[in-house]
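Reader: I am new to this structure. Please take me through it in short steps.

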Amino acid sequence: MTKPLGNKENKENKENTNGYKIWLPTIGLAFAAFVFNTSEFLPIGLLPNIAESLHETDSQTGLVITVYAWVVALMSLPLTILTAKLERRKLLIALLIIFAASHLVVLAVNSFVQLMGARICVALTHSIFWSIMTPLAARTAPMGKMATGLAAVSGGSILATILGVPLGTQLGYLAGWRESFFIIGIVALIVLVYIFYFLPECKSDRAGSLKSVPILFRRPGLVQLYVLTAIVILGHFTAYSYISPLLINEGGLTESATVSVLFVFGTAGIVGVVAGAKTAVRFKSATIVLPMIAMTLCLALLTSLCTHCTLLL
């Protein structure tokens, strides 16, 4: 297990940016981000299979995804405040234990309620995970390489949409959706062991508190940004939750073709991130407004264009 970093040792280690060992904590965080985001989006690709297996409709089963999103949205702030003073390495290990267990038990799930319970447990860990991930990435990155460390963790998240979700979905089609979740649990345990040995202790020396919340809500611009983000993201993922049954039932696509569409979606996400990074500084308003207009048009035309999917693929 890695020892805590003292001030002198921390400085010496961070100055040694040429050694690969200094990047081991960041690599572990990137893998953790990959696993968490793969789990978040995996039910989207496997929704028809899950619904059929549990003898539920697609709309009913889609609540697993919707409730997950709402739990993350509503519980992120209170859970982040409750765990604000906990040492970050121990907290991350605890989250990974709960996360992995919630996936392993899916192998024995035989009802919608049981699956919902497991996914709520995952959502609760997700609520805390991203609140600590960015500060951890910044603090464990080598000296002068903070941006690279943050990019590595973000890359793990993006890679989940490109490779994790399509591969997990394909695995679910071949071996079964329960087995797909089970394997994510196994991978999470491997990441847990990696984190245990290579991530140093990281005290929470800048913890927030409940007293700071009213101060945030006194800033109208920040509140508007929160509300706008919530509306756009929830609207987007409400539609995305049902993309697989829409493509299969309305578009007439095969399961393998649906996996290809998910891959294209993840790739487009990377293009959007890169484009946004290049335009955000010079064109702040346009970078926010134009994607919202494009998303609105795409969602409005989604059903009608879906009937022509077979002509495009």
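Author: Start with a definition: buried means under 20% relative accessible area, exposed means over 50%, and partly exposed lies in between (1.4 Å probe, protein chains only). The model is predicted, so local features need pLDDT of at least 70 and side-chain atom pairs count only at pLDDT 80 or more, while totals for chains, interfaces and linings use all residues. Residues are numbered from 1 along each chain as its sequence is written, and side-chain values use heavy atoms, with hydrogens and water left out.

Reader: Is S127 buried or exposed?

Author: S127 lies in helix α6, residues 112-140. Helices (H or I, at least four residues) and strands (E, at least two) are DSSP runs, numbered from the N terminus. The relative accessibility of S127 is 3%, so this residue counts as buried.

Reader: Which residue has its backbone oxygen 2.8 Å from a polar atom of the side chain of S127?

Author: Contact means heavy atoms within 4.5 Å. Leaving out residues up to four places away in sequence, S127 touches V71, V72, M75, S76, L79 and T80. The backbone oxygen 2.8 Å from a polar atom of the S127 side chain belongs to A123.

Reader: Which element gives the most to the largest nonpolar core?

Author: A nonpolar core is a set of buried Ala, Val, Leu, Ile, Met, Phe, Trp, Tyr and Cys residues joined through side-chain atoms within 4.5 Å. The largest one has 47 residues, and those with the most contacts inside it are L29, L92, L115, W177 and I195. Elements giving two or more residues to this core are α2 (24-53), α4 (63-82), α5 (88-104), α6, α7 (146-175) and α8 (177-198). With 12 residues, the element that gives the most is α6.

Reader: How many residues does the second core have?

Author: This core is separate from the largest one. Its members include I44, I65, L246 and L247. Its size is 13 residues.

Reader: How far apart are the C-alpha atoms of W177 and S53?

Author: W177 sits in helix α8. At 4% relative accessibility, W177 counts as buried. Beyond four places in sequence, W177 touches L46, N49, I50, S53, L54, V106, V109, L115 and G172. S53 is 124 residues away along the chain, yet the C-alpha separation is 9.0 Å.

Reader: What is the relative accessibility of H103?

Author: H103 is part of helix α5. Setting aside neighbours within four places in sequence, H103 is in contact with S39, R119, V122, F181, F182, I184 and G185. H103 counts as buried because its relative accessibility is 0%.

Reader: Where is A84, and what is its C-alpha distance to S131?

Author: A84 is found in the loop between α4 and α5. A84 is buried, with a relative accessible area of 4%. A84 and S131 are 47 residues apart in sequence, and their C-alpha distance is 9.5 Å.

Reader: Which element gives the most to the nonpolar surface patch?

Author: A patch is made of residues with over 30% relative accessible area and no salt bridge; nonpolar side chains (Val, Leu, Ile, Met, Phe, Trp, Tyr) are joined within 5 Å, like charges within 9 Å. A salt bridge is a side-chain nitrogen of Lys or Arg within 4 Å of a carboxyl oxygen of Asp or Glu. L225, L228, I288, V289, L290, I293 and L297 make this patch of about 590 Å², by the Shrake-Rupley method with a 1.4 Å probe. With 5 residues, the element that gives the most is α13.

Technical notes. Polar contact = N/O pair within 3.5 Å; in protein donor to acceptor, adjacent residues only side chain to side chain.
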